[in-house]
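Me: I would like to go through a protein model slowly, one question at a time, with the reasoning behind each answer. Could you look at the sequence and structure below with me?

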Amino acid sequence: MLLESDMRFVIALILLVLTGCDKETPAEGQAQPASAENSGATKRDDILLVSANGARAMLSYRFAGQKAPTAPFADADGQDVTLADFVGKPVLLNIWATWCPPCKAEMPTLDALAELEKDRMAVVAVSQDLDGRAPVLAFFNETGVQNLEPYTDADNAILAAFNNSLGLPTTILYDSAGKEVWRLTGGVEWDGAEIAELLRAAD
């Protein structure tokens, strides 16, 4: 019989295989313009964004209008919170993990964005690490992240709320009423001008 720790490791591997870590290669048939500005596509098309550092992400409006999930996750004190606790201002939900290279690569600019936008929106980065806060705090300390709270989801409740269909990292913008505006699958540089314009789509 597998020990609980062994089972958690097996579940983590299954989730990794099912969702992938970095979905840089767009699915066949998807629109692949260089940026949202010059695509000439409608808002219902998926749009490939390429950051200055070569990071690639797919922007999608296909789920616009959907309500934010009610799945709980833990704050820095280990207390349960949900996205409903942030209603009243736009929320940028980043779903990531310390074992995901593109997730870690975008974290410094996401941290800078959290400071820049602190008066206008909540930047909520929720780790899917099965070991909880320990690896998240170690990573934050190592990389100097100081504006993001170490939200954790050791039970992967957020992924389950999306039917385990999300690749990491996935970032979803919600408006102040808790409805989705757009989502990005893949890593980006969050301090870029194009991203700043996209963030203005939520109020």
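Me: Which elements do the buried residues of α3 pack against?

Reply: This is a predicted model, and in it helix α3 covers residues 133-143, where V136, F139 and F140 are buried. These three residues cover an arc of only 100 degrees around the axis, which puts them on the same side of α3. The elements that the buried residues of α3 pack against are β5 (91-96), α2 (101-116), β6 (122-127) and β7 (151-152).

Me: Which residues are exposed on the other side of α3?

Reply: The buried residues V136, F139 and F140 lie on the same side of the helix, because their arc around the axis is only 100 degrees. To count as exposed, a residue must have over 50% relative accessible area. On the other side of α3, the residues that are exposed are A134, N141 and E142.

Me: Which residue follows α3, and what is its phi near?

Reply: Helix α3 takes in residues 133-143, and G144 comes after the helix. The phi of G144 is positive, and its value is near 80 degrees.

Me: Is T98 buried or exposed?

Reply: T98 is found in the loop between β5 and α2, and among the residues it touches, leaving out those up to four places away in sequence, are P135, V136 and F139. A residue counts as buried when its relative accessible area is under 20%. The value for T98 is 15%, so T98 counts as buried.

Me: Which side chain does the side chain of T98 join in a polar contact of 2.5 Å?

Reply: Setting aside residues up to four places away in sequence, T98 touches K104, D129, P135, V136 and F139. A polar contact of 2.5 Å connects the side chain of T98, in the loop between β5 and α2, with the side chain of D129.

Me: How many salt bridges does a search of the whole structure find?

Reply: Side chains of opposite charge can pair when their charged atoms come close. One such salt bridge is between K118 and E115, whose closest N and O atoms are 3.1 Å apart, and there is also a network of salt bridges that links E117, R120 and R200. Searching the whole structure gives a total of 5 salt bridges.

Me: How many residues apart are D46 and R62, the pair that links distant parts of the chain?

Reply: D46 and R62 form a salt bridge in which the closest N and O atoms are 2.8 Å apart. D46 belongs to the loop between α1 (4-19) and β1 (47-50), while R62 belongs to the loop between β2 (56-60) and β3 (73-74), and the two are 16 residues apart.

Me: Which residue of the D46 and R62 salt bridge is buried?

Reply: Buried means under 20% relative accessible area, and partly exposed lies between that value and 50%. R62 has 48% relative accessibility, so R62 counts as partly exposed. The partner in this salt bridge has a relative accessible area of 7%, and therefore the buried residue is D46.

Me: Are E180 and R183 buried or exposed?

Reply: The side chains of E180 and R183 meet in a salt bridge, with 2.8 Å from N to O. E180 has 4% relative accessibility, and R183 has a relative accessible area of 6%. Because both values fall under the 20% cut-off, E180 and R183 are buried.

Me: Which residue, 125 residues apart from L184 along the chain, has its C-alpha atom separated from that of L184 by 4.6 Å?

Reply: L184 has its place in strand β9, which holds residues 180-186, and its relative accessibility of 0% means that L184 counts as buried. Not counting residues up to four places away in sequence, L184 touches several residues, including L49, A57, M58, W190 and I195. The residue whose C-alpha atom is 4.6 Å from that of L184, although 125 residues separate the two along the chain, is L59.

Me: What percentage of the 203 residues in the protein chain do buried residues make up?

Reply: The protein chain has 5 helices and 9 strands, and C100 and C103 are examples of buried residues, each with 0% relative accessibility. Of the 203 residues in the protein chain, the buried share is 49%.

Note on methods: Residues are numbered from 1 along each chain as its sequence is written. This is a predicted model: local features need pLDDT of at least 70, side-chain atom pairs count only at pLDDT 80 or more; totals for chains, interfaces and linings use all residues. Side-chain values use heavy atoms; hydrogens and water are left out. A salt bridge is a side-chain nitrogen of Lys or Arg within 4 Å of a carboxyl oxygen of Asp or Glu. Helices (H or I, at least four residues) and strands (E, at least two) are DSSP runs, numbered from the N terminus. Buried means under 20% relative accessible area, exposed over 50%, partly exposed in between (1.4 Å probe, protein chains only). The arc is that of the directions from the helix axis to the C-beta atoms. Contact means heavy atoms within 4.5 Å. A polar contact is a pair of N or O atoms within 3.5 Å; within protein, one must be able to donate a hydrogen and the other to accept it, and residues adjacent in sequence count only if both atoms are side-chain atoms.
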